Amino acid sequence: MPETATTTDATYTAPDANGHFGSYGGAFVPEILHPVLRELREAYAHYKDEPEFDEEVRSLLREYAGRPTPLTYCNRLTDEIGGARIYAKREDLLHTGAHKLNNTIGQILLARRMGKDRIIAETGAGQHGVATATVCAKFGMDCIVYMGTEDMERQRLNVERMRLLGAEVRPATSGSQTLKDATNEAIRDWVSNPADTFYIIGSVVGPHPYPMMVRDFHRVIGEETREQLLEKEGRKAPDAIAACVGGGSNALGIFFPFIGDPGVEMVGAEAAGEGLDGRNAATLSNGTPGVLHGAMSVMLQDDAGQVEIAHSLSAGLDYPGVGPEHAHLRDTGRVSYPGVTDEEALEGVKLLSETEGIIPALETAHAVAILPDLARRMADAHGDDAVVIFNCSGRGDKDMDTIAANI
Ligand SMILES: *Cc1c(COP(=O)(O)O)cnc(C)c1O
(Lines give C-alpha, C1' and ligand atoms only; values in the text may rest on other atoms or scores of the structure.)
Protein backbone atom coordinates (compact mmCIF):
# COMPACT_ATOMS: atom_id res chain seq x y z
CA MET A 1 0.00 0.00 0.00
CA PRO A 2 1.64 3.25 -1.10
CA GLU A 3 -0.17 5.31 1.47
CA THR A 4 1.69 5.55 4.76
CA ALA A 5 -0.36 8.03 6.78
CA THR A 6 -3.03 6.52 9.00
CA THR A 7 -6.41 8.19 9.04
CA THR A 8 -5.98 9.53 12.55
CA ASP A 9 -2.75 11.20 11.50
CA ALA A 10 -2.82 14.96 10.88
CA THR A 11 -0.96 14.27 7.62
CA TYR A 12 -3.77 12.16 6.15
CA THR A 13 -3.69 12.98 2.44
CA ALA A 14 -5.47 10.13 0.67
CA PRO A 15 -5.78 9.22 -2.13
CA ASP A 16 -2.35 8.30 -3.54
CA ALA A 17 -1.31 9.47 -7.02
CA ASN A 18 -3.38 6.75 -8.69
CA GLY A 19 -6.50 7.50 -6.73
CA HIS A 20 -6.25 4.69 -4.18
CA PHE A 21 -7.75 5.02 -0.72
CA GLY A 22 -6.14 2.00 0.89
CA SER A 23 -7.26 -0.90 -1.31
CA TYR A 24 -10.19 1.03 -2.85
CA GLY A 25 -10.59 3.63 -5.60
CA GLY A 26 -8.60 3.71 -8.84
CA ALA A 27 -10.08 3.97 -12.33
CA PHE A 28 -11.86 1.04 -13.98
CA VAL A 29 -13.14 2.44 -17.27
CA PRO A 30 -13.01 1.52 -20.98
CA GLU A 31 -9.56 2.16 -22.42
CA ILE A 32 -10.82 4.97 -24.66
CA LEU A 33 -11.51 7.03 -21.53
CA HIS A 34 -7.99 6.76 -20.10
CA PRO A 35 -6.73 9.85 -21.97
CA VAL A 36 -9.91 11.73 -21.00
CA LEU A 37 -9.35 10.96 -17.32
CA ARG A 38 -5.68 11.90 -17.61
CA GLU A 39 -6.68 15.26 -19.11
CA LEU A 40 -9.15 15.76 -16.23
CA ARG A 41 -6.57 14.84 -13.58
CA GLU A 42 -4.05 17.25 -15.04
CA ALA A 43 -6.57 20.07 -15.40
CA TYR A 44 -7.82 19.61 -11.84
CA ALA A 45 -4.29 19.42 -10.42
CA HIS A 46 -3.49 22.67 -12.21
CA TYR A 47 -6.61 24.69 -11.47
CA LYS A 48 -7.21 23.64 -7.89
CA ASP A 49 -4.15 25.62 -6.82
CA GLU A 50 -4.76 28.55 -9.15
CA PRO A 51 -5.89 31.63 -7.18
CA GLU A 52 -8.20 32.90 -9.97
CA PHE A 53 -10.00 29.56 -10.19
CA ASP A 54 -10.36 29.42 -6.43
CA GLU A 55 -11.72 32.98 -6.36
CA GLU A 56 -14.22 32.21 -9.12
CA VAL A 57 -15.51 29.15 -7.20
CA ARG A 58 -15.72 31.13 -3.94
CA SER A 59 -17.43 34.06 -5.58
CA LEU A 60 -20.16 31.87 -7.12
CA LEU A 61 -20.66 29.98 -3.85
CA ARG A 62 -21.10 33.31 -2.10
CA GLU A 63 -23.07 35.38 -4.63
CA TYR A 64 -25.13 32.68 -6.33
CA ALA A 65 -25.42 29.71 -3.98
CA GLY A 66 -25.63 31.61 -0.69
CA ARG A 67 -22.52 30.56 1.25
CA PRO A 68 -21.53 30.60 4.00
CA THR A 69 -24.45 28.57 5.32
CA PRO A 70 -25.20 29.13 9.04
CA LEU A 71 -24.15 26.86 11.89
CA THR A 72 -27.37 26.87 13.91
CA TYR A 73 -27.45 26.05 17.62
CA CYS A 74 -30.39 23.65 18.15
CA ASN A 75 -31.45 24.62 21.68
CA ARG A 76 -34.79 22.79 21.74
CA LEU A 77 -33.37 19.66 20.16
CA THR A 78 -30.53 19.77 22.70
CA ASP A 79 -33.01 20.07 25.60
CA GLU A 80 -35.26 17.36 24.20
CA ILE A 81 -32.42 14.86 23.91
CA GLY A 82 -30.62 15.85 27.10
CA GLY A 83 -26.98 15.34 26.12
CA ALA A 84 -24.34 17.27 24.23
CA ARG A 85 -24.99 20.71 22.73
CA ILE A 86 -26.19 20.12 19.16
CA TYR A 87 -25.48 22.32 16.15
CA ALA A 88 -26.82 21.96 12.59
CA LYS A 89 -24.69 22.91 9.58
CA ARG A 90 -27.38 24.33 7.33
CA GLU A 91 -26.76 23.00 3.81
CA ASP A 92 -30.56 22.91 3.49
CA LEU A 93 -30.34 26.69 3.06
CA LEU A 94 -28.04 26.46 0.03
CA HIS A 95 -29.62 27.32 -3.36
CA THR A 96 -31.63 24.33 -4.67
CA GLY A 97 -32.10 23.12 -1.09
CA ALA A 98 -29.14 20.80 -0.52
CA HIS A 99 -25.34 20.59 -0.54
CA LYS A 100 -25.13 19.30 -4.13
CA LEU A 101 -24.54 22.72 -5.72
CA ASN A 102 -21.08 23.04 -4.07
CA ASN A 103 -19.92 20.27 -6.36
CA THR A 104 -21.71 21.16 -9.59
CA ILE A 105 -20.39 24.74 -9.35
CA GLY A 106 -16.84 23.44 -8.99
CA GLN A 107 -17.15 20.97 -11.85
CA ILE A 108 -18.81 23.34 -14.31
CA LEU A 109 -16.11 25.95 -13.77
CA LEU A 110 -13.51 23.26 -14.41
CA ALA A 111 -15.36 22.16 -17.58
CA ARG A 112 -15.28 25.75 -18.85
CA ARG A 113 -11.55 26.07 -18.16
CA MET A 114 -11.02 22.83 -20.09
CA GLY A 115 -12.98 24.16 -23.07
CA LYS A 116 -15.76 21.54 -22.82
CA ASP A 117 -19.15 22.94 -23.74
CA ARG A 118 -21.35 19.87 -23.47
CA ILE A 119 -22.32 18.63 -20.00
CA ILE A 120 -23.67 15.17 -19.22
CA ALA A 121 -24.80 13.76 -15.89
CA GLU A 122 -26.79 10.84 -14.55
CA THR A 123 -29.31 11.06 -11.78
CA GLY A 124 -31.36 8.66 -9.66
CA ALA A 125 -33.65 10.73 -7.46
CA GLY A 126 -33.14 13.73 -9.72
CA GLN A 127 -31.46 16.00 -7.15
CA HIS A 128 -28.04 15.85 -8.80
CA GLY A 129 -29.71 16.28 -12.20
CA VAL A 130 -31.38 19.45 -10.96
CA ALA A 131 -28.13 20.78 -9.46
CA THR A 132 -26.37 20.11 -12.79
CA ALA A 133 -29.17 21.64 -14.89
CA THR A 134 -29.06 24.68 -12.59
CA VAL A 135 -25.39 25.48 -13.21
CA CYS A 136 -25.77 24.70 -16.94
CA ALA A 137 -28.56 27.30 -17.11
CA LYS A 138 -26.42 29.78 -15.21
CA PHE A 139 -23.57 29.34 -17.73
CA GLY A 140 -25.62 28.70 -20.88
CA MET A 141 -24.18 25.21 -21.45
CA ASP A 142 -25.80 22.22 -23.18
CA CYS A 143 -27.01 19.75 -20.56
CA ILE A 144 -28.04 16.14 -21.02
CA VAL A 145 -29.18 14.19 -17.97
CA TYR A 146 -29.60 10.40 -18.11
CA MET A 147 -32.28 8.98 -15.86
CA GLY A 148 -33.91 5.56 -15.63
CA THR A 149 -37.49 5.51 -16.91
CA GLU A 150 -38.60 4.01 -13.61
CA ASP A 151 -36.99 6.91 -11.73
CA MET A 152 -38.47 9.45 -14.17
CA GLU A 153 -41.87 8.13 -13.22
CA ARG A 154 -41.16 8.25 -9.47
CA GLN A 155 -39.49 11.68 -9.53
CA ARG A 156 -41.63 13.51 -12.03
CA LEU A 157 -41.30 16.88 -10.32
CA ASN A 158 -37.51 16.82 -10.68
CA VAL A 159 -37.85 15.84 -14.35
CA GLU A 160 -40.03 18.93 -14.84
CA ARG A 161 -37.52 21.07 -12.96
CA MET A 162 -34.65 19.90 -15.17
CA ARG A 163 -36.67 20.57 -18.33
CA LEU A 164 -37.66 24.03 -17.10
CA LEU A 165 -33.96 24.73 -16.52
CA GLY A 166 -33.30 23.86 -20.16
CA ALA A 167 -31.81 20.38 -19.76
CA GLU A 168 -32.64 17.40 -21.94
CA VAL A 169 -33.62 14.41 -19.81
CA ARG A 170 -32.79 11.19 -21.67
CA PRO A 171 -34.52 8.05 -20.44
CA ALA A 172 -32.38 4.98 -19.72
CA THR A 173 -34.61 2.08 -20.72
CA SER A 174 -32.32 -0.90 -20.07
CA GLY A 175 -32.14 -3.25 -17.06
CA SER A 176 -33.93 -2.11 -13.91
CA GLN A 177 -34.37 1.37 -15.47
CA THR A 178 -32.83 3.05 -12.44
CA LEU A 179 -29.58 4.77 -11.49
CA LYS A 180 -27.12 2.08 -12.53
CA ASP A 181 -28.64 1.95 -16.01
CA ALA A 182 -28.53 5.74 -16.28
CA THR A 183 -24.85 5.55 -15.27
CA ASN A 184 -24.15 3.02 -18.02
CA GLU A 185 -25.82 5.32 -20.57
CA ALA A 186 -23.84 8.32 -19.38
CA ILE A 187 -20.55 6.40 -19.67
CA ARG A 188 -21.55 5.24 -23.16
CA ASP A 189 -22.20 8.87 -24.17
CA TRP A 190 -18.84 9.93 -22.70
CA VAL A 191 -17.02 7.21 -24.64
CA SER A 192 -18.65 8.44 -27.87
CA ASN A 193 -18.00 12.16 -27.28
CA PRO A 194 -14.76 12.41 -25.28
CA ALA A 195 -13.47 15.61 -26.92
CA ASP A 196 -16.23 18.11 -26.13
CA THR A 197 -18.07 16.45 -23.22
CA PHE A 198 -17.62 16.88 -19.47
CA TYR A 199 -19.25 14.30 -17.21
CA ILE A 200 -20.40 15.87 -13.93
CA ILE A 201 -20.55 13.10 -11.32
CA GLY A 202 -22.75 13.80 -8.30
CA SER A 203 -21.04 12.18 -5.33
CA VAL A 204 -17.64 10.98 -4.11
CA VAL A 205 -17.84 8.01 -6.48
CA GLY A 206 -16.62 7.19 -9.98
CA PRO A 207 -13.10 6.76 -11.36
CA HIS A 208 -10.13 8.79 -10.06
CA PRO A 209 -10.01 11.82 -9.80
CA TYR A 210 -13.75 12.20 -9.13
CA PRO A 211 -13.92 10.94 -5.51
CA MET A 212 -11.10 13.29 -4.52
CA MET A 213 -12.34 16.20 -6.61
CA VAL A 214 -15.96 16.00 -5.42
CA ARG A 215 -14.75 15.74 -1.82
CA ASP A 216 -12.58 18.81 -2.30
CA PHE A 217 -15.47 20.85 -3.73
CA HIS A 218 -17.51 19.98 -0.61
CA ARG A 219 -14.71 20.59 1.92
CA VAL A 220 -16.00 24.12 2.27
CA ILE A 221 -18.77 22.67 4.49
CA GLY A 222 -16.28 21.47 7.11
CA GLU A 223 -13.97 24.45 6.72
CA GLU A 224 -16.79 26.90 7.42
CA THR A 225 -17.94 24.71 10.33
CA ARG A 226 -14.50 24.96 11.90
CA GLU A 227 -14.47 28.77 11.73
CA GLN A 228 -18.05 29.10 12.94
CA LEU A 229 -17.49 26.75 15.85
CA LEU A 230 -14.44 28.72 16.94
CA GLU A 231 -16.52 31.88 16.88
CA LYS A 232 -19.51 30.40 18.74
CA GLU A 233 -17.92 28.00 21.21
CA GLY A 234 -14.29 29.11 21.26
CA ARG A 235 -13.15 25.63 20.30
CA LYS A 236 -11.38 24.25 17.29
CA ALA A 237 -13.32 21.03 16.94
CA PRO A 238 -16.52 19.39 18.14
CA ASP A 239 -16.61 16.09 20.05
CA ALA A 240 -18.57 14.38 17.29
CA ILE A 241 -19.89 14.94 13.77
CA ALA A 242 -22.84 13.10 12.22
CA ALA A 243 -23.90 12.98 8.57
CA CYS A 244 -25.90 10.72 6.30
CA VAL A 245 -24.13 8.62 3.66
CA GLY A 246 -25.50 7.76 0.22
CA GLY A 247 -22.51 8.05 -2.11
CA GLY A 248 -20.96 9.98 0.74
CA SER A 249 -20.33 13.53 -0.49
CA ASN A 250 -22.04 15.62 2.19
CA ALA A 251 -20.46 13.41 4.88
CA LEU A 252 -16.92 13.76 3.50
CA GLY A 253 -17.48 17.47 2.99
CA ILE A 254 -18.00 18.02 6.69
CA PHE A 255 -15.70 15.21 7.94
CA PHE A 256 -12.63 15.84 5.84
CA PRO A 257 -11.19 18.97 7.51
CA PHE A 258 -11.46 17.18 10.89
CA ILE A 259 -10.04 13.78 9.94
CA GLY A 260 -6.66 14.70 11.40
CA ASP A 261 -8.25 15.56 14.80
CA PRO A 262 -8.34 12.21 16.62
CA GLY A 263 -10.60 13.73 19.30
CA VAL A 264 -13.48 14.14 16.84
CA GLU A 265 -15.70 11.08 16.62
CA MET A 266 -17.29 10.70 13.18
CA VAL A 267 -20.45 8.81 12.39
CA GLY A 268 -21.96 8.23 8.95
CA ALA A 269 -25.59 7.07 8.93
CA GLU A 270 -26.41 4.64 6.13
CA ALA A 271 -29.90 3.69 5.00
CA ALA A 272 -30.88 0.37 6.55
CA GLY A 273 -34.29 0.56 4.82
CA GLU A 274 -36.51 -2.20 6.16
CA GLY A 275 -33.66 -3.42 8.40
CA LEU A 276 -30.16 -4.81 7.91
CA ASP A 277 -31.68 -8.26 7.29
CA GLY A 278 -34.36 -6.94 4.92
CA ARG A 279 -34.26 -4.73 1.84
CA ASN A 280 -31.78 -1.91 2.48
CA ALA A 281 -29.06 0.35 1.08
CA ALA A 282 -26.52 -0.21 3.88
CA THR A 283 -23.50 -0.78 1.67
CA LEU A 284 -20.84 -0.41 4.37
CA SER A 285 -22.64 -2.86 6.68
CA ASN A 286 -23.67 -5.44 4.12
CA GLY A 287 -21.62 -4.84 0.97
CA THR A 288 -18.62 -6.69 -0.40
CA PRO A 289 -15.67 -5.41 -2.46
CA GLY A 290 -16.35 -4.87 -6.15
CA VAL A 291 -16.17 -2.41 -9.03
CA LEU A 292 -19.13 -0.07 -9.51
CA HIS A 293 -19.29 3.20 -11.42
CA GLY A 294 -15.61 2.96 -12.44
CA ALA A 295 -14.00 2.48 -9.02
CA MET A 296 -13.19 -0.31 -6.57
CA SER A 297 -15.27 0.05 -3.46
CA VAL A 298 -17.83 -1.99 -1.57
CA MET A 299 -21.22 -2.63 -3.07
CA LEU A 300 -24.40 -4.62 -2.64
CA GLN A 301 -24.11 -7.58 -5.00
CA ASP A 302 -25.29 -11.15 -5.24
CA ASP A 303 -23.02 -14.23 -5.29
CA ALA A 304 -22.64 -13.91 -9.07
CA GLY A 305 -21.43 -10.30 -8.73
CA GLN A 306 -24.67 -8.80 -10.05
CA VAL A 307 -25.49 -5.41 -8.53
CA GLU A 308 -28.42 -5.70 -6.17
CA ILE A 309 -31.28 -3.21 -6.13
CA ALA A 310 -30.90 -1.01 -3.07
CA HIS A 311 -33.87 0.06 -1.02
CA SER A 312 -34.46 3.13 1.10
CA LEU A 313 -37.50 5.33 1.58
CA SER A 314 -35.06 8.14 0.85
CA ALA A 315 -34.37 8.35 -2.88
CA GLY A 316 -30.98 10.00 -2.39
CA LEU A 317 -29.62 7.15 -0.23
CA ASP A 318 -31.05 4.43 -2.44
CA TYR A 319 -27.69 3.53 -4.02
CA PRO A 320 -25.99 0.09 -4.00
CA GLY A 321 -22.46 1.54 -3.79
CA VAL A 322 -20.52 4.04 -1.70
CA GLY A 323 -17.47 6.24 -2.28
CA PRO A 324 -14.10 4.43 -1.98
CA GLU A 325 -12.80 6.82 0.68
CA HIS A 326 -15.63 5.79 3.00
CA ALA A 327 -14.77 2.13 2.53
CA HIS A 328 -11.22 3.01 3.53
CA LEU A 329 -12.30 5.13 6.53
CA ARG A 330 -14.46 2.23 7.67
CA ASP A 331 -11.62 -0.29 7.37
CA THR A 332 -9.22 1.93 9.35
CA GLY A 333 -11.86 2.48 12.04
CA ARG A 334 -11.71 6.27 11.73
CA VAL A 335 -15.45 6.56 10.93
CA SER A 336 -18.31 4.29 12.04
CA TYR A 337 -21.32 3.68 9.81
CA PRO A 338 -24.46 2.55 11.63
CA GLY A 339 -27.57 1.63 9.66
CA VAL A 340 -30.74 3.67 10.20
CA THR A 341 -34.08 2.19 9.15
CA ASP A 342 -36.85 3.95 7.20
CA GLU A 343 -38.91 4.02 10.38
CA GLU A 344 -36.12 5.59 12.44
CA ALA A 345 -35.54 8.18 9.72
CA LEU A 346 -39.22 9.17 9.83
CA GLU A 347 -38.85 9.64 13.61
CA GLY A 348 -35.87 11.87 12.81
CA VAL A 349 -38.00 13.99 10.47
CA LYS A 350 -40.55 14.49 13.25
CA LEU A 351 -37.94 15.21 15.90
CA LEU A 352 -36.18 17.98 13.97
CA SER A 353 -39.40 19.46 12.60
CA GLU A 354 -41.09 19.69 16.00
CA THR A 355 -38.12 20.90 18.03
CA GLU A 356 -36.40 23.23 15.59
CA GLY A 357 -38.87 24.16 12.88
CA ILE A 358 -36.60 22.59 10.26
CA ILE A 359 -38.16 19.92 8.02
CA PRO A 360 -35.15 17.88 6.90
CA ALA A 361 -34.79 15.86 3.71
CA LEU A 362 -35.38 12.15 4.29
CA GLU A 363 -31.66 11.59 3.64
CA THR A 364 -30.73 14.12 6.33
CA ALA A 365 -33.22 12.55 8.74
CA HIS A 366 -30.95 9.48 8.90
CA ALA A 367 -28.29 11.67 10.52
CA VAL A 368 -30.88 13.22 12.86
CA ALA A 369 -31.95 9.73 13.94
CA ILE A 370 -28.53 8.91 15.40
CA LEU A 371 -28.30 12.16 17.41
CA PRO A 372 -30.07 10.98 20.61
CA ASP A 373 -27.60 8.15 21.14
CA LEU A 374 -24.58 10.17 20.00
CA ALA A 375 -25.38 13.31 22.01
CA ARG A 376 -25.95 11.33 25.24
CA ARG A 377 -22.82 9.28 24.73
CA MET A 378 -20.74 12.44 24.14
CA ALA A 379 -22.17 14.10 27.28
CA ASP A 380 -21.34 10.97 29.30
CA ALA A 381 -17.79 10.94 27.99
CA HIS A 382 -17.01 14.68 27.91
CA GLY A 383 -19.51 16.41 30.20
CA ASP A 384 -22.30 18.90 29.57
CA ASP A 385 -20.14 21.14 27.40
CA ALA A 386 -19.75 18.41 24.80
CA VAL A 387 -20.60 19.53 21.26
CA VAL A 388 -22.11 17.47 18.46
CA ILE A 389 -22.57 18.83 14.93
CA PHE A 390 -24.74 17.24 12.28
CA ASN A 391 -24.73 18.06 8.60
CA CYS A 392 -28.24 19.20 7.69
CA SER A 393 -27.65 18.17 4.08
CA GLY A 394 -31.02 19.22 2.63
CA ARG A 395 -34.55 20.40 3.18
CA GLY A 396 -37.59 18.15 3.16
CA ASP A 397 -39.98 19.88 0.74
CA LYS A 398 -39.17 17.39 -2.02
CA ASP A 399 -40.08 14.50 0.28
CA MET A 400 -43.41 15.76 1.62
CA ASP A 401 -45.49 13.24 -0.35
CA THR A 402 -43.42 10.32 0.97
CA ILE A 403 -43.35 11.71 4.50
CA ALA A 404 -47.10 12.35 4.58
CA ALA A 405 -47.86 8.88 3.22
CA ASN A 406 -45.68 7.12 5.81
CA ILE A 407 -45.79 9.10 9.03
C1 LIG B 1 -28.15 13.52 -2.66
C2 LIG B 1 -28.37 13.78 -1.23
C3 LIG B 1 -27.72 13.02 -0.23
C4 LIG B 1 -26.87 11.81 -0.53
O5 LIG B 1 -25.70 12.07 -1.25
P6 LIG B 1 -24.26 12.07 -0.57
O7 LIG B 1 -23.34 12.08 -1.73
O8 LIG B 1 -24.15 10.87 0.28
O9 LIG B 1 -24.18 13.31 0.23
C10 LIG B 1 -27.91 13.37 1.10
N11 LIG B 1 -28.71 14.39 1.45
C12 LIG B 1 -29.37 15.13 0.52
C13 LIG B 1 -30.27 16.24 0.98
C14 LIG B 1 -29.22 14.86 -0.84
O15 LIG B 1 -29.87 15.60 -1.75
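How many residues lie between β11 and β12 in their hairpin, and which residue in the turn has a positive phi? The points below take up that question and then move to other parts of the structure, which is a predicted model.

1. The hairpin. β11 and β12 are joined with 2 residues between them, and the turn holds His 293, whose phi is positive at about 60 degrees. Strand β11 covers residues 288-292 and strand β12 covers residues 295-299, and the two pair in the antiparallel sense over 5 bridges. Beside the turn, Leu 292 has Ala 295 of β12 as its bridge partner.

2. The length of helix α2. This helix runs over residues 51-65, and because each residue should add 1.5 Å, its 15 residues are expected to span 21 Å; the C-alpha atoms at its two ends are 20 Å apart, which agrees with that expectation. Helix α2 is followed by Gly 66, a residue with a positive phi near 100 degrees.

3. The two sides of helix α2. The buried residues of this helix are Phe 53, Val 57, Leu 60, Leu 61 and Ala 65. They cover an arc of only 100 degrees around the axis, so they are on the same side of α2. Their cover includes α1 (34-47), α4 (101-113), α5 (127-139) and α9 (210-233), whereas the face turned away from the buried side carries Pro 51, Glu 52 and Glu 63, which are exposed.

4. Arg 62. This residue also belongs to helix α2, and with a relative accessible area of 42% it is partly exposed, since that value lies between the limits of 20% for buried and 50% for exposed. When residues up to four places away in sequence are not counted, Arg 62 touches Glu 55 and Arg 67. Arg 62 and Ala 137 are separated by 75 residues in sequence and by 18 Å in space, taken from C-alpha to C-alpha.

5. Asn 103. Found in helix α4, Asn 103 has a relative accessible area of 0% and is therefore buried, the limit being under 20%. A polar atom of its side chain lies 3.0 Å from the backbone oxygen of Ile 201. Not counting residues up to four places away in sequence, Asn 103 touches His 128, Ile 201, Gly 202, Val 214, Phe 217 and His 218.

6. The surroundings of the ligand. There are 17 residues around the ligand, and those that come nearest are Lys 100, Ser 203, Gly 246, Gly 248 and Ser 249. An N or O atom in the side chain of Ser 203 is 2.6 Å from an oxygen atom of the ligand. For Gly 246 it is a polar backbone atom that lies 2.8 Å from a ligand oxygen, while for Asn 250 it is an N or O atom of the side chain that lies 2.8 Å from a ligand oxygen.

7. Helices α14 and α15. Helix α14, made up of residues 362-369, is mostly covered, with 7 of its 8 residues buried; these are Leu 362, Glu 363, Thr 364, Ala 365, His 366, Ala 367 and Val 368. Leu 374 lies in helix α15, which covers residues 371-382, and Leu 374 counts as buried because its relative accessibility is 1%. Apart from neighbours within four places in sequence, Leu 374 is in contact with Ala 240, Ala 242, Glu 265, Val 267 and Val 388. Leu 374 and Val 145, by contrast, are 229 residues apart in sequence and 38 Å apart in space, C-alpha to C-alpha.

Note on methods
Residues numbered from 1 in each chain as written. Predicted model: local features only at pLDDT ≥ 70, side-chain atom pairs only at ≥ 80, totals over all residues. Heavy atoms only, no water. Pairing = 2+ DSSP bridges. Helix = DSSP H or I, 4+ residues; strand = E, 2+ residues; numbered from the N terminus. Expected span 1.5 Å × (residues − 1). Buried < 20%, exposed > 50% of the residue type's maximum accessible area, 1.4 Å probe, protein only. Arc of directions from axis to C-beta. Contact = heavy atoms within 4.5 Å. Near = heavy atom within 4 Å. Polar contact = N/O pair within 3.5 Å; in protein donor to acceptor, adjacent residues only side chain to side chain.
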